[in-house]
Amino acid sequence: SEPEVKKDPALPFLDVVEPVIIRNSRWRCDHGWDIDLDDGSSNYQIYNNLLLQGGLKFREGYGRKAWNNVLVNCGFHPHVWFSESASEFRQNIVMAAHAPIGMPEGWGVNVDGNLFSSAALLRSPESDVHSLSGDPQFLDPAQGDFRVREDSPARKIGFQNFPMDRFGVQKPALKAQA
């Protein structure tokens, strides 16, 4: 419970001593979240992922960190965080507004330094004080290449390109279907 964790901040990490790492992947879920950290999922590092539809959800849990991801057609879903969750969402390219539910005051202090495709998406007064908006300047999104050009505003937030051809469907016949 949250009061017990306030007494001993190491408590959520007793069953996940080493971070669970989700990286270098492409995700698409048409009926939920692409990556869904729910029910107290703790100690995750999520980076260099392409999320195509459902976005990323953090609900409850501690020590979740997501950076250098591209969220296309979707956004970040912070739900019901504990007041001292030590969770972060930084240096991501985001194409939809955050969708917070049941968040405590001050939840967005570690949600910052992201690039939004439109200034209208930067509506949260709780987060993204240093985030930017603008065209990410993807190289070839029609072909699934969401790397950014060297002059992209994503570079100003520290975003680093990662290979877009080393994950997902590889067999040519299946790739055509995908």
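Which strand does E4 join through 4 bridges, and in what sense do the two run? The partner is E7, residues 76–79, and the two strands run parallel. Keep that pairing in mind, since we'll come back to it after a look at the whole chain. One caution before going on: this is a predicted model.

Start with the overall picture. The protein chain has 2 helices and 14 strands, so strands are what we'll be following for most of this tour. For 178 residues, a compact globule would have a radius of gyration near 16 Å, and the protein chain agrees because its own value is 16 Å. Along the principal axes, the C-alpha atoms fill a box of roughly 50 × 35 × 25 Å. As for burial, 44% of the 178 residues count as buried. The accessible surface of the protein chain comes to about 9400 Å², and carbon and sulfur atoms account for 50% of that.

Two more whole-chain numbers are handy. Take the contacts between residues at least 6 apart in sequence: 31% of them join residues at least 24 apart. Then there are the charges, 18 positive and 23 negative, whose mean positions lie 6 Å apart.

Now back to E4, residues 56–59. On one pairing, E4 is joined by 3 bridges to strand E2, residues 35–37, and the two run parallel. If you want a residue to click on, Leu37 stands opposite Phe58 in E4. The other pairing is the one we opened with, the 4 parallel bridges between E4 and E7. There, Leu56 stands opposite Phe76 in E7. So E4 has parallel pairings with both E2 and E7.

Trp33 is a good place to stop while you're in this neighbourhood. You'll find Trp33 in the loop between strand E1 (20–27) and E2. Is Trp33 buried, partly exposed or exposed? Trp33 is partly exposed, because its relative accessible area is 29%, and the cut-off for buried is under 20%. Leaving aside residues up to four places away in sequence, Trp33 touches Gly54, Gly55, Lys57, His77 and His79. One of those, Lys57, is 24 residues away from Trp33 in sequence, yet their C-alpha atoms are 6.5 Å apart in space.

The next stop is E5, residues 64–67, and the loop that leads there from E4 holds Glu60. Phi of Glu60 is near 55°, a positive value in a residue other than glycine. Further along, Asn73 does something of the kind: its phi is near 60°, again positive in a residue other than glycine. Asn73 lies in the loop between strand E6 (70–71) and E7. With a relative accessible area of 53%, Asn73 is exposed.

What about E5 itself? In a regular strand the side chains alternate between the two faces of the sheet. In E5, Arg64 and Ala66 make up a covered face, while Lys65 and Trp67 make up an uncovered one. E5 also has parallel pairings of its own. Strand E3, residues 44–51, is joined to E5 by 4 bridges and runs parallel to it, with Lys65 in E5 as the bridge partner of Gln45. Strand E8, residues 88–90, pairs with E5 in the parallel sense over 3 bridges, and here Ala66 stands opposite Phe89 in E8.

Let's finish with two spots elsewhere in the chain. Helix H1, residues 2–7, contains Pro3. Pro3 is partly exposed, with a relative accessible area of 49%. Look across to Glu84 from there: the two residues are 81 apart along the chain, and 11 Å separates their C-alpha atoms.

The other spot is Ser117, in the loop between strand E11 (115–116) and strand E12 (132–133). A relative accessible area of 28% makes Ser117 partly exposed. Not counting residues up to four places away in sequence, Ser117 touches Val94, Met95 and Gly134. For a link back to E5, measure over to Arg64: Ser117 and Arg64 are 53 residues apart in sequence, and 24 Å apart from C-alpha to C-alpha.

Technical notes:
Residues are numbered from 1 along each chain as its sequence is written. This is a predicted model: local features need pLDDT of at least 70, side-chain atom pairs count only at pLDDT 80 or more; totals for chains, interfaces and linings use all residues. Side-chain values use heavy atoms; hydrogens and water are left out. The radius of gyration is taken over C-alpha atoms; the globule rule is 2.2 Å times the number of residues to the power 0.38. Buried means under 20% relative accessible area, exposed over 50%, partly exposed in between (1.4 Å probe, protein chains only). Contact means heavy atoms within 4.5 Å. Accessible areas come from the Shrake-Rupley method with a 1.4 Å probe; for residues, only the protein chains shown count as cover. Lys and Arg count as positive and Asp and Glu as negative; His and the chain ends are not counted. The place of a charge is taken as NZ of Lys, CZ of Arg, CG of Asp or CD of Glu. Two strands pair if DSSP finds at least two bridges between them.
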